[in-house]
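Please open the structure in the viewer and keep the selection panel at hand. The tour below proceeds from one selection to the next.

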Amino acid sequence: MKILVTGGAGYIGSHACVVLAARGHEVVVVDNHSNSSPQVLTRIAQLTGAPVVASTVDLRDAVGLARLFAEHRFEAVMHFAALKVVADSIARPQEYESNNVGGTASLLAAMKQASVSRLVFSSSAAVYDATASIQVGEDAPLGAGHPYGQSKLSCEHLIAQQANETADFHAVNLRYFNPVGAHPSGLLGEDPHGTPTNLMPYVSQVAVGQRARLPIFGDDYATPDGTGVRDYLHVMDLARAHADALDFLVRERRSLTANLGTGQGVSVLELVQAFERVSGRAVPYDIVARRAGDVAALYADPSLAQRVLGWRAELDLEAMCRDAWHWQSRNPQGYATS
Ligand code: UDP
């Protein structure tokens, strides 16, 4: 199938491109490179053995998007392009509304215009009310505590509206928990700009010597060791779920919203210890104050994805840490290393 991958140069989009190509799909990347390096496209090409067709268009550029849809006959769209930093979204809520929700609205309009009827959407566990449940199924209370999560929820609503209004239009919303790790080759990985806000890239940068010490945001939560518990899942498992979601759309011609996680809670200290074990490096840390907005524990009930998509996470915490370390040690400064 010929698939448009928005945000295909980003962390998750790039891994998805490689998995889709391995399944015989043809991918076309659209990315405005607001948070990604064009260098990623060369790395994807190295892994797939073919040049990547890519276009530098902002999704809010309706004319640019219409041109792209006129140039190619897409059979499906995978939509990853978005701003994704919670703290940044609190500082710049309008940007998140404009980029994430506006970009999705524009993409949906272009799909409608071109009669493209299959969409896999990169949603997030951030749409849930994290204060209401610890292990969340898809029917858990919604209500994001920040503009980033709210923007993902608004996108899901726009998508549902298009599905209601347009015969044959179907979408899969994939609500990711905490994606981590990297392509096992060490060629693709997570490359945050500036100080990482997520745990795994911070740990990796401390291990490689880019940063001195990891701040651990609180050790007095009601969890077994007092540190926050999350559901980390390997980005390669996550990428595979997107290909499975596409198969589902072709097979079942209906829409779906599904969590993607391992269903296992892992604490900050457990992750740090696993990382030290596989990397052989020390990760010195300081226990500091809790981070505003954090909850003690949040992990997925991923049983729907297993039942309906036939997907389950296969790679364990050790593989996540090993591949994150392989990526970081080969690319100490991320894509800027080369
Ligand atoms: N965390 C931490 N230090 C950091 C970054 C994160 O202790 O530098 C903790 C955070 O408090 C949470 C867990 O690691 O318990 C995962 O945080 P992340 O930001 O990666 O994901 P999210 O909070 O969005 O689930």
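Select His-326 first. In this predicted model, His-326 is partly exposed, since its relative accessible area of 28% lies between the limits of 20% and 50%. The residue belongs to helix H11, which spans residues 317-330. Display its surroundings next: leaving aside neighbours within four places in sequence, His-326 is in contact with Pro-184, Ser-185 and Gly-186. One of these partners also takes part in a polar contact, for the side chain of His-326 reaches the backbone oxygen of Pro-184 at 3.0 Å. For a sense of distance, add Asp-220 to the selection: the C-alpha atoms of His-326 and Asp-220 are 32 Å apart, with their positions 106 residues apart along the chain.

Now turn to the ligand. Which residues come nearest to the ligand? Of the 15 residues around it, these are Leu-199, Pro-215, Arg-230, Arg-291 and Asp-294. Three polar contacts may be displayed in turn:

- A polar backbone atom of Pro-215 lies 2.7 Å from a nitrogen atom of the ligand.
- A backbone N or O atom of Phe-217 is 3.0 Å from an oxygen atom of the ligand.
- An N or O atom in the side chain of Asp-294 is 2.6 Å from an oxygen atom of the ligand.

On its own, the ligand has 510 Å² of accessible area, and the protein covers 88% of it. Colour the shell around the ligand by residue type, and 8 nonpolar, 4 polar and 3 charged residues appear. Then select helix H7 (199-207) and strand E9 (214-217), each of which supplies at least two residues of this shell. Strand E9 gives the most, with 4 residues.

The next selection is the nonpolar interior. The largest nonpolar core has 45 residues, and Leu-20, Leu-174, Leu-256 and Leu-260 are those with the most contacts inside it. Helix H8 (residues 235-252) contributes the largest share of this core, 10 residues. Centre the view on Leu-174: beyond four places in sequence, its contacts include Val-120, Phe-121, Ala-241, Ala-245, Leu-260 and Leu-309. Another core, of 23 residues, lies apart from the largest one; among its members are Val-206, Ala-207, Cys-321 and Trp-325.

Proceed to Gly-143, in the loop between strand E6 (135-136) and helix H6 (147-165). Is Gly-143 buried, exposed or partly exposed? With a relative accessible area of 31%, Gly-143 is partly exposed. Not counting residues up to four places away in sequence, Gly-143 touches Val-127, Tyr-128, Asp-129 and Leu-153. Select Ala-132 as well: 11 residues separate it from Gly-143 along the chain, and their C-alpha atoms are 9.5 Å apart.

The tour ends with two backbone angles. Most residues other than glycine have a negative phi. His-33, although not a glycine, has a positive phi of about 55°. Its place is in the loop between strand E2 (26-30) and helix H2 (39-48). His-33 counts as buried because its relative accessibility is 19%, and the limit is under 20%. Finally, select Ser-115, which is not a glycine and has a positive phi of about 55°. This residue sits in the loop between helix H5 (93-113) and strand E5 (118-124). Ser-115 is exposed, because its relative accessible area of 64% is over 50%.

Terms used. Residues are numbered from 1 along each chain as its sequence is written. This is a predicted model: local features need pLDDT of at least 70, side-chain atom pairs count only at pLDDT 80 or more; totals for chains, interfaces and linings use all residues. Side-chain values use heavy atoms; hydrogens and water are left out. A residue is near a molecule or strand if one of its heavy atoms lies within 4 Å of it. A polar contact is a pair of N or O atoms within 3.5 Å; within protein, one must be able to donate a hydrogen and the other to accept it, and residues adjacent in sequence count only if both atoms are side-chain atoms. Accessible areas come from the Shrake-Rupley method with a 1.4 Å probe; for residues, only the protein chains shown count as cover. Ala, Val, Leu, Ile, Met, Phe, Trp, Tyr, Cys and Pro count as nonpolar, Asp, Glu, Lys and Arg as charged, and the others, Gly among them, as polar. A nonpolar core is a set of buried Ala, Val, Leu, Ile, Met, Phe, Trp, Tyr and Cys residues joined through side-chain atoms within 4.5 Å. Buried means under 20% relative accessible area, exposed over 50%, partly exposed in between (1.4 Å probe, protein chains only). Contact means heavy atoms within 4.5 Å.
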